[in-house]
Amino acid sequence: MPIVKEHNWRCGVLMFDLKIKKDRRMTTLYQTVASDLKRQIQNGTYMPGSKLPAIREMSKRGNYSVATIIAAYRLLEDEGYIHAKAKSGYFVKHRKESGPIKPLDLKAVLKPQKVSVQHIASALSKAAADPRIIKLGAAVPAHQYLPVRAVERALQKVGKYRNRLFNYEVYAGAPELRYQLARRMADTGYIASPDEIIVTNGCQEALCLALRVTTKPGDIVAVESPTYFGLLQLIESLGLRTIEIPTDQKEGISLTYLSEAVRSFDVKACVIIPNFNNPVGSLLSDDNKAQLSKILSEKGVTIIEDDTYGDLYFGENRPRSIMSFDSSADVIYCGSFSKTISPDLRIGWIVSKLSNEKLEHLKFMTNVSVSSINQLVVSDVIQSGKYDRHLRKVRVEYEHAIQKMAEFIYRYFPERTQISQPKGGFVLWVELPENVSSAELARLALDQGISITPGHIFSSSNKYHNCIRLSCAVQWTPQVERALITLGSLAKALTEKAA
């Protein structure tokens, strides 16, 4: 072989060998990076929901090429350890996930029940009011999650309405506020006239009025299971019975069981929280909202829609109301600013297509009207644009707060603990191992100065004995961290004791 050709051939082989070694080194590097990150995820350095370092930051930190980091992140994504969020980066996936709440057999589920949760709920409310208690159970936002300054400024302005402040307000509500509410109802997909809206003392009064115009003592009301215990208290006080409809923490109320319930029993009303159910956080899809409306309207069942958490969505668009789907369905819509502006102002509202006159009369006979001062304050906060600016900020904060609390639960609670993954609101539904009594856990926690809400009070038939609801709308402090660690230790001790 000529010397020149042999030289070129040897150079070609050498370059090929170097390329193979470089490719092998590249493969080894990104796999090594991925393995290191995987171990950090598994040992809790990076908790579920937390964000991984940006690609360029990770590249500089480990002196790796950007291509190596990209390859490592893609490998972890393929293996289900992380996921990418558009324009946000890579986040650790939750390794555990609550499955659907498993219903009992059909006959056992669809059985009218008398309700009795008043005593337990009252005791929990008193404990939650104690300033010495770390409040992890009450779904009441800490001040940092409320537009405090906007409310304070609005309070200063309402003095100019002196003549109105010393008279009864129009019993249907202040015109200024009803106008703002009509505009906000359009965001839910329903075009309402201000004249259709009645302002109430919070959503609880709205629900009470809705039940009073549609039922009488002894009637049957369909509810989600689990559902807000305040609703069960209300149903109990009105002498009604419930049918609990199994509710999945992702998909929402079971339409199959709901259909069977209205076929088998004389159900007068169905009370539902379609957007971020309290306590499981489920979001009913648009298709299921439309189908639910059809199922119930065909049977002449009134839909009472509680949309308290609808403005606290984490996605790009506000979820629609059931009311927006079928103009012929009998839907009574109930809303509130207690979770978004102020619990103490007690401003809620109610809208009905078919029962507006009855509701107006019942509202007047109950307590005449809602405080003018409170209505004008809320109207000003909304009209000024401060409410929407606050919502844009607080939605992000709540999403982060849920992720942060979930990280502590995964780290300190017993194995086999499962957590809901809500797409809005600020509460978490925690399912502990089957042998843990949440009532006993709540009692032990209260002895340690920690308040939680046991799962069985979200059911009229004492289901969910191993579940608890936690509120993430707390001011995050070292005391809260210690409370969560203590709660996890108590739950582990109960698990071991029952084993």
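**Exercises on a predicted model**

**Exercise 1.** In this predicted model, find the loop in which P226 lies, and describe the peptide bond that joins S225 and P226.

*Solution.* Begin with the elements on either side: P226 lies in the loop that runs between the strand β6 (220-225) and the helix α10 (229-237). Then turn to the bond itself, where S225 and P226 are joined by a cis peptide bond whose omega is about 5°.

**Exercise 2.** Locate N63 and decide whether N63 is buried or exposed.

*Solution.* The first step is to place N63, which sits in the loop between α2 (55-62) and α3 (66-78). The backbone comes next: phi of N63 is near 60°, a positive value in a residue other than glycine. Finally, take the relative accessibility of N63, which is 72%; because exposed means over 50%, N63 counts as exposed.

**Exercise 3.** Carry out the steps of the previous exercise for Y464, and decide whether Y464 is buried or exposed.

*Solution.* Y464 is found in the loop between β16 (453-454) and β17 (467-471). Although Y464 is not a glycine, its phi is positive, at about 65°. The relative accessible area of Y464 is 10%, and since buried means under 20%, Y464 is classed as buried.

**Exercise 4.** Which residues make the nonpolar surface patch of about 310 Å², and how accessible is F364?

*Solution.* The patch is made by Y171, F364 and M365. Of these, F364 can be placed in helix α13, which covers residues 356-367. With a relative accessible area of 39%, F364 is partly exposed, because this value falls between the cut-offs of 20% and 50%.

Technical notes
Residues numbered from 1 in each chain as written. Predicted model: local features only at pLDDT ≥ 70, side-chain atom pairs only at ≥ 80, totals over all residues. Heavy atoms only, no water. Patch = residues over 30% accessible without salt bridge, like charges linked within 9 Å, V, L, I, M, F, W, Y side chains within 5 Å. Areas by Shrake-Rupley, 256 points an atom, 1.4 Å probe, with all protein chains shown as cover. Salt bridge = Lys/Arg side-chain N within 4 Å of Asp/Glu carboxyl O. Helix = DSSP H or I, 4+ residues; strand = E, 2+ residues; numbered from the N terminus. Buried < 20%, exposed > 50% of the residue type's maximum accessible area, 1.4 Å probe, protein only.
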